Amino acid sequence: MFVLVIYVSILLILLNEICSHPTHLIETAYCSTALSTKSVIMNGNPVLSSERSISISRGSTQLSSGDKYVAGEVLTVTLSSTSNEFIYETTAGSFQSGGCNGLRVVNTATAYLTMPSSGDVDVKGAWATSRANGVHIGSTITLKDPSEDDNSGSSTTNYIYKYKSSLAQNLIVGLIFGVGGLIAAVLSYQIYINKYKSGVWNTFSNFMKSFISASISISLGIVAVILVAEWCQDYNNSLQKGFLGFPSWSNNPLSFHVLFMVGGFLFAQILAICSWIMFQSNHSIGKAFHFIFHTIGISSLYAGLVAIINYKWNNNSPSLTSLHSWFGVMAVALYSVNYLFGLFMGICKQFYPKSIVHDALSLKSNHRLIGLSAFGCALLATVTGIMAQYGRAGCYYNNTDNLDYEADKNPADNYRLIPNSCKLANGIGIVVSFIGFFMFLMVYFRSKIDQSEIKAHAIIPDNNDYGKVSYESNL
């Protein structure tokens, strides 16, 4: 009997020693031991503690309990302090290099958790500073099933997800002031040219209106590009949806489509058209920038076209079913034809200066008309494209969330209830609409300058070899 008592005592000591290290909790024999206050670990029951906490991140974005995960994505799990020994446990998914079928991993400062395809996932951490202090378990973070519908209710509408936009705000302010300084410098130069060189004071008023309209259009274009870049971030969580996500040719080509079409195609058109008024006194420089920006524009156009085709094919989605797609087709067709048309005119003027193309104002007028039509279709495609994303983002609010009234008598106050992605998309649409307004104002006043120059005979001599002067239609 004495020998049996000694044997049992030694066995209990060994068992206590085994359960003293978290590495043993990932062994097959102990995978069934729950990491909870009801289990016996290190010869005692673990206790809940707030001394340390776990963090789960998607890239640089930290997730909170209640956020939705993306099926198959890899998240990083960390503990606020990694001194002594510790362990992470998940109810689903798999830790890289983890034990217990990937549900646990020990003594890993930064653990990588691959998320499952569905179901809620609970993740928690535990640690022990010494055998005497026992095991401490931190709070649990629950990530929601990605296919689970968001619950519309007062508890949800009380929280408006705040995403980091300080960088975007600083960029907007900095770029506006930077562009403003550049515009002021160019404007001073243009005033000097108009006053002391060409002597066309009677056209200065229309020039000023055109120049201001072009400057506002360029500034708004920069704002639109920054807002679109912010829209293409991944700020989605359980309370917010509708952000397009980080661009990826394999996983998210839709964001590339938006970036190329607005940040490249549309903005390049603005710069190309405005180059004539920005370099009013030097036709050669204006023409060079006009060609460069249009080349950037058509390159961005076809890159964005490839991106949306890739997106449609990957998702087995039908094409040409929306007003956005048809405006887009018209913009592609008109812009492509006009680019080749302008290229043909430029080649003829450069290598065959005495050809009829050189002085054919009707050809230049047609080139201008087709170009403005393409720009108009691009504006319409942009606005309708934004509207096409409203269903995805859930751009609405449930009026029953506000119990103070039945009818929606104060939509301005309730506007805060829609997702931030919808507010951002609305802002982009408004900015693009103002761009269209000021661009067509610029073109209108620019045409007045042309007519005034013709009537006043303020004609800049042509540099070609046959020694006559001709009016240059600079659009």
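1. The largest nonpolar core of this predicted model has 56 residues, and those touching the most other members are Trp231, Ile270, Ile277, Phe375, Ile435, Met439 and Met442. A nonpolar core is a set of buried Ala, Val, Leu, Ile, Met, Phe, Trp, Tyr and Cys residues joined through side-chain atoms within 4.5 Å. Buried denotes under 20% relative accessible area, exposed over 50%, and partly exposed the range in between (1.4 Å probe, protein chains only). At least two residues of this core come from each of α4 (204–231), α5, α6, α7, α8 (361–388) and α11 (420–456). Helix α5 supplies the largest share, 14 residues. Helices (H or I, at least four residues) and strands (E, at least two) are DSSP runs, numbered from the N terminus.

2. Ile435 illustrates the packing in this core. Leaving aside residues up to four places away in sequence, Ile435 touches Ser217, Leu220, Gly221, Ala224, Ile270 and Phe375. A second core, separate from the one above, has 20 residues, including Ile54, Ala92, Leu113 and Met115. In soluble globular proteins, nonpolar side chains tend to be buried together.

3. The basis of the model should be stated. Residues are numbered from 1 along each chain as its sequence is written, and side-chain values use heavy atoms, with hydrogens and water left out. The model is predicted: local features need pLDDT of at least 70 and side-chain atom pairs count only at pLDDT 80 or more, whereas totals for chains, interfaces and linings use all residues.

4. On confidence, the average pLDDT of the protein is 76, and 70% of the residues score at least 70; pLDDT is the predictor's confidence in each residue, from 0 to 100. Among the elements, helix α5 (residues 253–278) has the highest mean pLDDT, 92, and helix α2 (residues 154–157) the lowest, 35. For residues 10–20 the pLDDT is below 50, and this stretch has 14 contacts in the model beyond near neighbours in sequence; a contact means heavy atoms within 4.5 Å. The pLDDT is also below 50 over residues 451–475, a stretch with 49 contacts beyond near neighbours in sequence. Where pLDDT is low, the predicted coordinates should not be read in detail.

5. As to overall composition, the protein contains eleven helices and eleven strands. Of its 475 residues, 46% are buried. Among contacts with a separation of 6 or more, 67% are between residues 24 or more positions apart. One pair distant in sequence is Ile222 and Val431, 209 residues apart along the chain, whose C-alpha atoms are separated by 10.0 Å. Ile222 belongs to helix α4 and is buried, at 11% relative accessibility.

6. Four salt bridges are found in the whole structure; a salt bridge is a side-chain nitrogen of Lys or Arg within 4 Å of a carboxyl oxygen of Asp or Glu. Arg104 pairs with Glu89, their closest N and O atoms being 2.8 Å apart. This pair links strand β7 (residues 104–106), which holds Arg104, to strand β5 (residues 85–90), which holds Glu89, across 15 residues. Arg104 is buried at 3% relative accessibility, and Glu89 is buried at 13%.

7. Glu89 also forms a salt bridge with Lys124 (3.9 Å, N to O). Lys124 lies in strand β9 (residues 121–128), 35 residues from Glu89 in strand β5, and both residues are buried. A further salt bridge joins Lys144 and Asp120, with closest N and O atoms 3.7 Å apart. Lys144 lies in the loop between β11 (141–143) and α2, and Asp120 in the loop between β8 (110–114) and β9, so the pair ties together parts that are 24 residues apart in sequence. Lys144 is partly exposed at 27% relative accessibility, as is Asp120 at 35%. Through shared partners, Glu89, Arg104 and Lys124 are joined into one network of salt bridges.

8. Turning to the surface, the accessible area of the protein is about 24800 Å², and 63% of this belongs to carbon and sulfur atoms. Accessible areas come from the Shrake-Rupley method with a 1.4 Å probe; for residues, only the protein chains shown count as cover.

9. A nonpolar surface patch is formed by Ile285, Phe289, Phe291, Ile292, Ile296, Leu340, Leu343, Ile347, Phe351 and Tyr352, which together have about 960 Å² of accessible area. Patches are made of residues with over 30% relative accessible area and no salt bridge; like charges are joined within 9 Å and nonpolar side chains (Val, Leu, Ile, Met, Phe, Trp, Tyr) within 5 Å. The elements giving two or more residues to this patch are α6 (283–314) and α7 (323–351), and α6 gives the most, five residues. Phe351 is located in helix α7 and is exposed, at 59% relative accessible area.
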